[in-house]
Amino acid sequence: RFHLEGQRVGIRPHIGAEITVTGGSRYPLLIATRQGYRNLCRLTTRMKMRARKGEGAVTLEELAEHAAGIICLTGDEHGPLAAALENGGIAVAGQCLHQLTDIFGKTNVYVELQRHFERTEEARLEAALELADQMRLPILATNSVKHTHHREILDVFTAIRNHRSLETAGHLLSSNDERRLKSPKEMAFLFKDLPESISNTVELSSRLQFTMNDLGYKFPPYPVPDNETMDSFLRKRTFEGARNCYQPLHEKARRQIERELTLIQTLKLAGYFLIVWDIVQFCRRENILVQGRGSAANSAVCYSLGITAVDPVGMELLFERFLSKERGEWPDIDLDLPSGDQRERAIQHVYERYGRRGAAMTANVITYRGKSAAREVGKVLGFDAATLHRLSKLVSRWEYQDHTDNLETKFREAGLNTTHPRIKKFIELSLGLQKLPRHLGQHSGGLVICQGALDSIVPLEPATMPNRTVVQWDKDDCAHMGIIKVDLLGLGMMAVLEDTIELIQRNYGQEIDLAHLPADDATVYKTLQKADTVGMFQIESRAQMSCLPRLKPVRFYDLVVQVAIIRPGPIVGQMVHPYLNRRQGREPVTYPHPSLEPILKRTLGVPLFQEQLLRMAMIAAGFSGGEAEELRRAFGFKRSEERMSEIEIKLREGMTARGITGEPQDRIVQSITSFALYGFPESHAASFALIAYASAYLKCHYLPAFTAALLNNQPMGFYSPATLVKDAQRHGLRVLPIDVACSDWPCSLEKVSSKTADRQGLAPRQELALRLGLNYVKGLRAVAGLRIVKERTRQEFTSIDDLVYRIPELQKKELMLLAEVGALNFISKNTHIHRRDALWQVERASRRAGPLFDPMSEPDAKSPLQPMTPEERLIADFRLSGLTTGPHPMLLCRERLNRMGIRRAVDLKHIQNGTWVKTAGCVIARQRPGTAKGFVFLSLEDETGIANAIFTPDMLEKNRAVITTERFILIEGRLQNMDNVISVKARKVRPLSITEAKTQSRDF
């Protein structure tokens, strides 16, 4: 970023680092040549790879080994010269300088001089001058800069780093403000008695010729057979795949593939495509579900190679959104993999293929946001825990988008005195920390690959996760410097689909191929039209559910639109309602200009996708594909007003030349400029729609397997396991409780007798039920749970005594958890005990457990304890597993609720629009989208389904505690039933006493 900013303002940035040497001294090293850059990268990597995160030191021998092309400064008070002077005086300091000149060469060591108006520092400066004169070493004026003008922010960071408050940080803080970035004039005045120290800065600068443009990065070639080039090999693999994908391979697809291959050859990108193809081939061989997405889905070559699953020719997608001559950068291919072990196998394959120093994960700079900044600032200001808790709750991410005035207003409303100096300073510092770096994390899936040693291009360090290394640069920085990454992204739903397929094969005896699911399944689209989408990928949110009955999807492309339409782009661009009105026939389909009809016809004249905007620029203004992509970038997140003006002028000139003027021209420009920032790629929506359709199909036709897979891959999606279970039960799935006699570690399927006889009435049918796994017992260790399953497979348990005797790894607290959650009720086939019976027996068995006791020697003593009440069982279920297989909490008090006139969720669809209603439920989701202008949306669940409530900003302010913290609430308001989209616009709200069970909500 320093390099790019230097280019922008027209200066040459100098690159270097402070390296800690064994003993603690810090050596400032500056890079003079490309060899010096490589040496410093490798030295840093060597130091980091053997140390804990945030630590590390090198030896002087290692420093000497990597000294070529590097210039060394003697440092500030933490440098080697200062340490030598403090520990041994002039003589030892002289030895230190001789050591440095032996390592770096006499012309590559500069004696650093600093003046911060500190008495000890001036004495050190005089000694340094004396030594420099004796050894004829150049002197250099520096300032040990720690901050620009934000000294207070520096002090806050210093206190955070040292786990102190500002009051107790003492000498850890700077003694004055002199370590700020000073102007040349200030530095010249400060060292007017030593003009040579200033002139030497110019001389040294002229020697530092290395720039980041000389990085020397190369993407590795792909190994191909003899007599083949990478281009010829890619061509053969592409057309092999194309003949399978396109049956027959028609001329339109052939032309597109030839066009893409020609450009790939021109840009010398064949190796990149082959390496991604190789990763996909590995996944297929290892039965790892994989699918490419993002702009790669615009490429017919990617489709033919099996990297993506969307036909860009059939969907008429824009290839230039993915790759063009004018872009001047590598394409970006994202691969979605099942999160967890399967994805890790693919990542480790890349490490094995290219070496531990040839591949690494990209980093991610984590910055301070709302609550994290508030907590840290509150700590360093010395607030007590209670006040800090109140303050951090007030400060949320969306509140920081308000002006400071509004933030102060919220503080006053909470009873805090905003005129108090510490409160004022808290607000000021909290805002000052926003978006500043907090720590370096690991990107979710970006892998960079290099020809040769990656540690000669960028320093590497070990990741927290074993067997992984990370580059020290953010993913965006890697992209700016031309370092190529392949994204291996973990997608929870891919893991769900993979697990569902495996469960279907094991329990149904059927083979499912996601690539060949029945297209346009009537049951699926009927379900989508009813917005019955809990647990489905991308279409399960409240906003998606409110759109589905209006859009009424009947084919795959409708699902592509559905995935894309509930996004910031269409919402901010006010495209959602025009599209839905046109789809429902309430508004005529019109186009900004007749020439744009072919582009916008599929979306009824409303631009919904980035590709449409790019095509609009190409058709209406004559832009090339590359120029259109540049337009998208110009109006992207890092938009420049100057660049935007240039693009708009070019757009208008192109349209005028084609006879598009006046109001149509204004409409087109407005569409492009307002939508480009937020637009969703059609290719991305199509890739996600494939996964959404697969999830819908599997839920509709294989509910037990799909639900088990969902529960086994938590956390993910929009709803908690408790809601997923209740939704499945409402759809007729039997969910069986946790049971040590039956449960595996994950959730599983088992055959049970149907509650209804078969059609002939001869015998009960067998059906699949879902059995909750032992992994849902909170506090039960995996090693203990897996041992239970293993022992039970060998021989069934006969009693709690038998369980305790055979599994000594089980701790008493784990046995009590199993008893309290009801997992020991059926441990013996002949006897059914209740939960308190089980607790009694666990206590008795634990006292005499051990190899000397025979578990069958003493008859079970009857427990004197009473069974748990339904309420006690409910509390235990939610506390110990987060869900219940028994009745919904609302059902337990439905008679009382009926007397209060409270309507069930299922009843609302039969009530006329505008009717005043009462409804109530367990809060399962709270949302306050950035595009909602302060409105809050709550989803309430009862035993019949989910009801939605809308709260205005005023309602939120008046009832914040109830809306944001209560688990069960009662709402009164006007029912809104528009196109079968049902919600209650709340006018009154109050907490409802239903149960003490600790239910959970997903709050965003």
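1. R542 sits over the face of F937, 3.8 Å from the ring centre. The rule here is that a charge counts as over a ring if NZ of Lys or CZ of Arg is within 6 Å of the ring centre and within 35 degrees of the ring normal. R237 does likewise with F233, at 4.5 Å from the ring centre.

2. A word on where this comes from: the model is predicted, so local features need pLDDT of at least 70 and side-chain atom pairs count only at pLDDT 80 or more, while totals for chains, interfaces and linings use all residues. Numbering starts from 1 along each chain as its sequence is written, and side-chain values use heavy atoms, with hydrogens and water left out.

3. How many aromatic pairs are there? The count comes to 15, where rings of Phe, Tyr and Trp (its six-membered ring) pair if their centres lie within 6.5 Å, and planes under 30 degrees apart are stacked, over 60 edge-to-face, the rest tilted. Y508 and Y702 make an edge-to-face pair, with 5.1 Å between centres and 85 degrees between planes. That pair ties together distant parts of the chain, 194 residues apart: Y508 is in the loop between helix 20 (492–507) and helix 21 (522–529), and Y702 is in the loop between helix 31 (682–701) and helix 32 (703–712). Helices here are DSSP runs of H or I with at least four residues, and strands are runs of E with at least two, numbered from the N terminus.

4. Are those two tyrosines buried or exposed? Y508 is partly exposed, at 25% relative accessible area, whereas Y702 is buried, at 9%. (Buried means under 20%, exposed over 50%, partly exposed in between, with a 1.4 Å probe and protein chains only.) Elsewhere, F219, Y272, F273, F319 and F322 form one aromatic cluster.

5. Now the strands, which pair if DSSP finds at least two bridges between them. Strand 1 (residues 16–20) runs antiparallel to strand 2, joined by 5 bridges, and T20 stands opposite R26. The two make a hairpin with 5 residues between them, and G23 in the turn has a positive phi of about 115 degrees.

6. On to the next partner of strand 2: strand 3 (residues 70–73) runs antiparallel to strand 2 with 3 bridges, and L30 stands opposite I71. Why is strand 2 (residues 26–31) largely enclosed by the rest of the structure? Because 5 of its 6 residues are buried.

7. Helix 11 (residues 251–266) has 16 residues and spans 23 Å from first to last C-alpha, close to the 22 Å expected; the expected value is 1.5 Å times one less than the number of residues. Its buried residues are A253, Q256, I257, E260, L261, L263 and I264. Seen down the axis, they fall within an arc of 165 degrees, so they line one face of the helix; the arc is that of the directions from the helix axis to the C-beta atoms.

8. No disulfides to worry about: the structure holds 0, a disulfide being a pair of cysteine sulfur atoms within 2.5 Å. For C41, the closest cysteine sulfur is in C450 at 11 Å, too far for a bond. For C96, the closest is in C72 at 8.5 Å, also too far. Both C41, at 4% relative accessibility, and C96, at 9%, are buried.

9. Last bit: R284 lies in helix 12 (residues 270–285) and is partly exposed at 41% relative accessibility. Its C-alpha is 9.9 Å from that of G306, 22 residues apart along the chain.
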